[in-house]
Amino acid sequence: IDITICKYIDGNGDGYLTDEQAYTEGWTVFLGADETVTGENGCVTYSNVGPGNYDVTEDTSDANWLQTFPAEGSYNFDAVSGQNESFDFGNYQYGKISGYKFEDVNGNGTWDESEPALNGWSICKNGINDCVVTGSGEWPTGYYQFTGLLAGTYDIYEQVQPGWLHT
């Protein structure tokens with residue numbers, strides 16, 4: 001019995017492998033407790049596996065990725081002599097939106113080298129309840145980011161502070 005496990009990048013996050021998406025190498029998968037990494041073709045094949053019940057899983061520890069296929073998250077199957085098996089896993093990489101808030105001293109709408117980045121400004125995504133503050137925590141001065149984003153359209157805006165104008 002040969003058991004093949006393949007991994008693909010689900011670029012649109014819909015759970016389906018399409019012609020535009022490809023299998024990818026370097027992902028950790030498991031047949032039972034046996035751990036291995038997908039090869040150049042995005043797959044790994046276990047050859048001469050004996051009959052029995054097996055779990056097929058993948059490493060899902062990277063929080064930057066969302067498993068989109070299979071819906072159940074893993075496979076459990078009974079291997080039968082003379083029947084080869086093949087299993088796919090699909091993953092979507094979360095998106096990120098990031099940028100810098102700066103003081104546009106000359107009002108030209110472009111961040112010029114001499115203009116300072118600004119901390120303490122609220123930058124919001126799709127509404128006032130989803131905001132981050134520029135320069136927070138470990139972030140550099142003026143920096144903001146939104147992570148864990150699914151494919152889609154997002155409105156990003158700043159909460160204007162008194163005495164300041166958009167440029």
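Strands here are DSSP runs of E with at least two residues, numbered from the N terminus. With that in hand, G11 can be placed in the loop between β1 and β2 (28-31). The model is predicted, and the exercises below walk through it region by region.

**Exercise 1. The loop after β1**

Find out what G11 touches beyond its sequence neighbours, and how far it lies from T24.

*Solution.*
- Step 1: start from the location, the loop between β1 and β2.
- Step 2: set aside residues up to four places away in sequence; the contacts of G11 are then Q21 and Y92.
- Step 3: compare sequence and space. G11 and T24 are separated by 13 residues in sequence, and their C-alpha atoms are 12 Å apart.

**Exercise 2. T4 and its surroundings**

Decide whether T4 is buried or exposed, and list its contacts.

*Solution.*
- Step 1: locate T4, which belongs to strand β1 (residues 3-9).
- Step 2: apply the cut-off, since buried means under 20% relative accessible area. T4 has 19% relative accessibility, so it counts as buried.
- Step 3: leave aside neighbours within four places in sequence. T4 is then in contact with C43, V44 and T45, and also with E85, S86 and F87.
- Step 4: put the contacts on the strand map. C43 is in strand β4 (residues 43-46), while β8 covers residues 85-93.

**Exercise 3. Two partners of β8**

Work out in which sense β1 and β6 each pair with β8, parallel or antiparallel.

*Solution.*
- Step 1: take β1 and β8. Seven bridges connect them, and the two strands run parallel. Within β8, G90 is the residue opposite Y8.
- Step 2: take strand β6 (residues 65-69) and β8. Here there are four bridges, and the strands run antiparallel. W65 has Q93 of β8 as its bridge partner.
- Step 3: continue past the end of β6. F69 and P70 are joined by a cis peptide bond, with omega about 0 degrees. P70 itself sits in the loop between β6 and β7 (75-79).

**Exercise 4. The disulfide between C6 and C43**

Describe the bond between C6 and C43: its length, its handedness and the parts of the chain that it links.

*Solution.*
- Step 1: count the disulfides; the structure has two.
- Step 2: look at the bond between C6 and C43, where the S to S distance is 2.0 Å.
- Step 3: read the torsion about the S-S bond. For C6 and C43 the value is about 105 degrees, so this disulfide is right-handed.
- Step 4: trace the chain. C6 lies in strand β1 and C43 in strand β4, 37 residues apart, and the pair links distant parts of the chain.
- Step 5: check burial; both C6 and C43 are buried. Recall that C43 is also among the contacts of T4.

**Exercise 5. The disulfide between C124 and C131**

Explain why C124 and C131 fall into separate burial classes, and show where this pair sits in its sheet.

*Solution.*
- Step 1: lay out the sheet. It is open, has three strands in the order β11-β10-β13, and its pairing is antiparallel. β11 (131-133) and β13 (156-158) are the edge strands, each pairing on one side only. On average, neighbouring strands of this sheet are turned by 25 degrees against each other, direction ignored.
- Step 2: zoom in on one pairing. Strand β10 (residues 122-125) and β11 share three bridges in the antiparallel sense, and C124 stands opposite C131.
- Step 3: add the bond. A disulfide joins C124 to C131, with S to S 2.0 Å. Its torsion is about 95 degrees, so it is right-handed.
- Step 4: assign the classes. C124 has 0% relative accessibility and therefore counts as buried. C131, at 30%, therefore counts as partly exposed.
- Step 5: number the bonded cysteines in sequence order; the pairing reads 1-2, 3-4.

**Exercise 6. The largest pocket**

Identify the residues closest to the centre of the largest pocket, and the strand that gives the most to its lining.

*Solution.*
- Step 1: note the space in the largest pocket, about 330 Å³.
- Step 2: go through the lining. It has 15 residues, and those closest to the centre are K101, F102, E158, H166 and T167.
- Step 3: sort by element. β13 gives the most to this lining, with three residues.

**Exercise 7. An unusual phi**

Say where N48 is placed and whether it is buried or exposed.

*Solution.*
- Step 1: N48 is not a glycine, yet it has a positive phi of about 55 degrees.
- Step 2: N48 belongs to the loop between β4 and β5 (52-58).
- Step 3: the relative accessible area of N48 is 71%, so N48 is exposed.

Notes
Residues are numbered from 1 along each chain as its sequence is written. This is a predicted model: local features need pLDDT of at least 70, side-chain atom pairs count only at pLDDT 80 or more; totals for chains, interfaces and linings use all residues. Side-chain values use heavy atoms; hydrogens and water are left out. Buried means under 20% relative accessible area, exposed over 50%, partly exposed in between (1.4 Å probe, protein chains only). Contact means heavy atoms within 4.5 Å. Two strands pair if DSSP finds at least two bridges between them. Axes are lines fitted to C-alpha atoms, for helices over the stretch in contact, and angles run from 0 to 180 degrees between N-to-C directions. A disulfide is a pair of cysteine sulfur atoms within 2.5 Å. On a 1 Å grid over the protein atoms alone, a cavity is a set of points where a 1.4 Å probe fits but cannot get out, and a pocket is an open set with protein on both sides within 12 Å along at least five of seven lines; lining residues have an atom within 4 Å of a point. Grid points are joined across faces, edges and corners, and a volume is the space filled by probe spheres set on the points.
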